[in-house]
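Me: I am new to this structure and would like a close look at one part, the place where the two chains touch. Please set that part in the context of the rest.

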Amino acid sequence: MTRRVMMVLAAAAVCAAAGAEVIEQSFDDGDAARWEAVSGEWAVEDGAFVQTDASSPDYRFAVFDSQLTEGSIEVTATPLERNRNGNVGASFGLVVKYLDDGRWCAARFGSYGSCSLLIRGPGAKGRVTFGHFEPEPGQDYRVRVILRDGMIAISREGLVIAILEDPFPDAPGRPGLFTETRCRFDDVRIEREGE
Amino acid sequence: MRIRWLILSGILGILAPSAPAQEQVYVDDFEQGAEGWTVVHGASRWKAVDGRYVFEEPGWGRHMTVAPVRMIEGTITVRATPLAESQAHGWASFGVIVKYADSAHLVAVRFGAYNGVSVIRWDGGDRAIEGVGRLDAEVGREYEARLEVEGDQLRTFLDGEPLAPITIGWAGEPGRVGLCTETPASFDDFTVTGVEPLAADRPEQIEGTPRTSVEFASFQPDPLLPGEVIPVRGQLHLFVRNSGDGPAVLEGVELDGRSGEELVADGVLAWYHQHPQRIRPGEVGRVTLRLGGVSEEQALMLMAGAEPPAARVVLRHLKADPVQCEATLGPDAEPLRINMLTFGPDLRTVRAYLQAPDPPEGGFVLEAVEVNGRDVTDRARFGSRRVAGAVVPVEITLEEPLTWGRHATVTVSTEQGLSCGHCLRAFPSEFPIQVCLFEQVREDSIEDIHNHCFTAVAPRRDEHVSEMKRLGLDLLAFGGGLGRIMQWWQPENPRVIAFWLDERDERPVEDTIRPLNEAHEYYLQEGRYIPRQMINLVGPWTGTGMAFMDILDVVCHAYGMGGAINGADFPLLSSLPWRELRAGRRPWWPYFRSAEIALAVDPGSREVLQPAPTTQRVIEPAQERMMTYGCLQLGAKGICHWAYGIQGGDRSVYYLDGPGLRLSMGGVPYPTSRTVRGYEVPEGVCRALKATWDEIGRINAELQTIGPWVADSDPSPIARVTRSQPPEAVTGGPAAQASALVSGLDTVIVIALNLNIDTEWSGRDPEGIRSYEPVDATIELRLPEWIDPADTFSVDWRGIEDVEATHDGDRLVFELPELAIQRVIVVTGDPEVRSRMAERLQEMQERLRAMESHQPVPTDEE
């Protein structure tokens, strides 16, 4: 399986509205140049950004090339299979902030049958689990995280299911895409406020 | 001429409806969905995909769905393809429901399960499984099953080959037909001859005309988990008065202009319901909507510190005009609450425990109290009329007893104009100490359990039941649903305390609501209410677990080692707000995965090998004791244990992939014998099991002594450790902790606990307790104004002793210079409490003597 990150200019629509910068990524032209695969096998396939490795129960994520302190990231995610290694199940999510390999947090949906915020950082390794959720492989899900005033709101299909403390409240971090199985991502929208 | 009913385009069509008394055929090719099918048992995850009806859930269980037709005599054919093997058993399967009345009365044929073809017949509490053939079902291969029903006979054909015929009963009786499976499978071309339409549902019968109004609304936000900052999930309670002359039955709700059904489909609501199901004329009941989250706009308002606009709610009751109200859904919408309702043995006494965590100056002043809408202020005794941060009991003595198992609603109003309420099914409050059973290699296991001061057992066989009856043990059954209730809740059996529904939050909440509603409705037709339903939740503190709280009667969760999750900061009282008691506001009976170990074995040499990675040792007696009293500090009102006995031998057991023995509690007949299933269990393992098992007996003696008072209590922040030496535990945090359980209007039980322990809870460390040094502690109890302490004493299994206390104004101060693990101190204004506890303890001490002297009796085959 090849790891392939397209190094072509992103087909990003950038606009500014009400003080917010909006970046949209549809991957229709095969371009994922603004994304860095931190782990996993990522490639653009059929107009979507796809993570293709489900050989073990690992975190796989790709992060965007600019940082977010306040704003939001949302995506349409389609888990393509249940990762049966370690009973992970179908899984997708959003990297809320990636500071470096040792400091990041991600909202994950479906892994081990639940929704949770995964936190990695000095003295902050942990997980806040806030509910049961088993996505169906092949089904589209729209998810979003909103960063505001040191808080993170996690939304699924427009319903905010948790508001949590930002573990890195004053530090900007790169938003991204997260999964633990084969998963397709499309129609990313990033809003950056006041930066 | 044939009448053919076709399901095409998802619509039931009658092609030739004018020919009576002819064979009628129902066909579903699932090309346009699965219209009219109803999931009736197991998981809900059936769906029509590409012209097939598919069940994909990989977990285990029996999953059933029925078609919108029934049959007396006829033939069912279906093409079925197993999609995956069972993760637990290693076989693939599919099945057909031949006749279905309800989940306790059905006939089904399963193909491939346990590598056979078998007919399952459930008739109330009786269940029979009879093999009619063999089948190692191949994943991906399509099979054709045909089942012919004539009179009481069933003939089964697989790919045209006849299997053994069988008598199933049901002659002349109709039943719904359908599909079932225990593993992922897909189905197509489901065809049934001899069908007839379902009888039309009888509409709910209402005599008279209800007239409903909302007395008040309150939003109960889910407690914040560590890391959460603003609650977005919770329960909206609407207290509804019926001033009409007919019962009020809830038909539907709307929230901000959207119907309840629509909101449930979108996940905004997990469910909505009304308790009791019929609010009688003159009564007040409670409608609750379970909110799974808020909109992004509402979330942004909350994050900005603003209050979202009030929610508009409409309630529609049968034969009544709709009622509307507005409700605030913010995080601070519940300044006063009833933490808990308890009920006296005759159900004529109700106690409400109130608290105002963030009270106004001077607290809330209680004005009036109602039970089921009737003003009982004159019949109520208030611990105090003022409620602030400490818990205040209100005791109500009713003229007539409440109905056993029916919801009772208590509402309280204040001078400040604020009201609060609670609604629980009425059962006499009690403190059960229960154990489930594995397989037994002792003849005397029930007697051994009795000697170890248990109150209840989940039996496996009839001989267990007869022995339980002889010894006066109650029945707390493992398993749930209508069939289990019919099996165990019988006059000839011991008294049923509750049913244990296990790990239900592994599946969506609707998969539990369905069987519970079925059981409630079945018995309501007889005018009866079903016994308590205890649900063991894997994640009681999450949004999913919280969604179960208002549909269960008792909340349960695993504590201990080997996969149990004690939760963050156990047992610190700082975690009380999000733990089971406060989250559920109903009794919490934890279950312990405690005194057990799993050992690998070599069936060839009959040697016992190493312990499983997560059961490197048996939990030690001191750790078991510390865990038990930690749970009591956090408000536990009963203790369950999983489980007594043994499992395995030449097969695998939980914790191990290969062959092994799982040994638990007193299951090994040691010291009479160390032989289990032909394996000699090491002496050290037997000693460790017995040491903890006997300590459980001693702990149980203490729990039985104080149990009735603990069952009728609520933790209140009126006790604290004012000094301890060392000040900090060896691993950090406080070295000691004190909890006060306010019990009625005359008693407080103070539990002091030594937290100076260095141990681990994963079971992966063979060392166990590394240190547990005593603590020198000073405990202070702020006496509630309604208690004039006439007696102060401590309780342990050795006896009851006076305790010296220093009065300091409204405070009692206790010096505990050698706090080894726990001290239980009873402070009471009722001089009879000591004698009643002493009487109970004396009986338990007699059992402990039997525990010490009894010689285990192995079964013949051991």
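Reply: What follows starts with the two chains, goes on to the contact between them, and then turns to the sheets and the core.

The model is predicted. Chain A has 195 residues, of which 52% are buried. Its secondary structure comes to 16 strands and 0 helices. Among the contacts in chain A with a separation of 6 or more, 61% are between residues 24 or more positions apart.

Chain B has 862 residues, and 51% of them count as buried. Its secondary structure holds 65 strands and 11 helices. Along the principal axes, the C-alpha atoms of chain B fill a box of roughly 95 × 75 × 50 Å. A compact globule of 862 residues would have a radius of gyration near 29 Å, and the 29 Å of chain B agrees with that. Of the contacts in chain B between residues at least 6 apart in sequence, 66% join residues at least 24 apart.

Now the contact itself. Chain A gives 22 residues to the contact, and chain B gives 25 residues. On the side of chain B that touches chain A, four elements supply at least two residues each: β21 (228–230), β28 (294–295), α2 (296–303) and α7 (543–546). The largest share of that side comes from α2(B), with 5 residues. By type, the residues on the side of chain B that touches chain A are 12 nonpolar, 9 polar and 4 charged.

The strand β28(B) also pairs across the two chains. Strand β14 of chain A, residues 159–165, runs antiparallel to β28(B), and 2 bridges join them. Within this pairing, Val294(B) of β28(B) has Val160(A) standing opposite.

A sheet of chain B involves residues that come shortly before β28 in the numbering, and it is worth a look next. What is the order of the strands in this open sheet of 4 strands? The order is β20-β22-β27-β25, all in chain B, and the pairing is antiparallel. The edges are taken by β20 (212–221) and β25 (269–275); each has a single partner strand, so one side of each is left without a neighbour in the sheet. On average, neighbouring strands of this sheet are turned by 15° against each other, direction ignored. The edge strand β25(B) is joined by 6 bridges to β27 of chain B, residues 284–291, and the two run antiparallel. Leu291(B) in β27(B) stands opposite Leu269(B).

Elsewhere in chain B, the strand β18, residues 185–193, has several antiparallel pairings. One is with β3 (residues 24–28), over 4 bridges, where Asp28(B) has Phe190(B) in β18(B) as its bridge partner. Another is with β6 (residues 52–55), joined to β18(B) by 3 bridges; here Ser186(B) of β18(B) stands opposite Val54(B). A further one is with β8 (residues 74–82), which pairs with β18(B) over 6 bridges. In that pairing, the bridge partner of Ala80(B) in β18(B) is Phe187(B). In a regular strand, the side chains alternate between the two faces of the sheet.

A second open sheet of 4 strands in chain B has the order β55-β60-β64-β63, again with antiparallel pairing. Its edges are β55 (719–725) and β63 (806–808), each with a single partner strand, so one side of each has no neighbour in the sheet. The average turn between neighbouring strands of this sheet is 25°, direction ignored. β55(B) pairs with β60, residues 775–782 of chain B, in the antiparallel sense over 6 bridges. In β60(B), Thr778(B) stands opposite Arg723(B).

Last comes the core. Which residues have the most contacts inside the largest nonpolar core? They are Leu94(A), Val96(B), Ile97(B), Val98(B), Val457(B) and Val750(B), in a core of 308 residues. The helix α10 of chain B, residues 683–711, gives the largest share of this core, 12 residues. Val98(B) can serve as an example of the contacts. Leaving aside its neighbours within four places in sequence, Val98(B) is in contact with residues including Ile76(B), Val107(B), Ala108(B) and Val109(B). Leu147(B), Val149(B), Leu154(B), Ile168(B) and Val177(B) are also among the contacts of Val98(B).

How values were computed: Residues numbered from 1 in each chain as written. Chains lettered and ligands numbered in written order. Predicted model: local features only at pLDDT ≥ 70, side-chain atom pairs only at ≥ 80, totals over all residues. Rg over C-alpha atoms; globule rule 2.2 N^0.38 Å. Buried ≥ 20, exposed ≤ 12 C-beta atoms within 10 Å, placed from the backbone. Contact = placed C-beta atoms within 7 Å. Nonpolar A, V, L, I, M, F, W, Y, C, P; charged D, E, K, R; others polar. Pairing = 2+ DSSP bridges. Axes fitted to C-alpha atoms, helices over the stretch in contact; angles between N-to-C directions. Core = buried A, V, L, I, M, F, W, Y, C linked by C-beta atoms within 7 Å.
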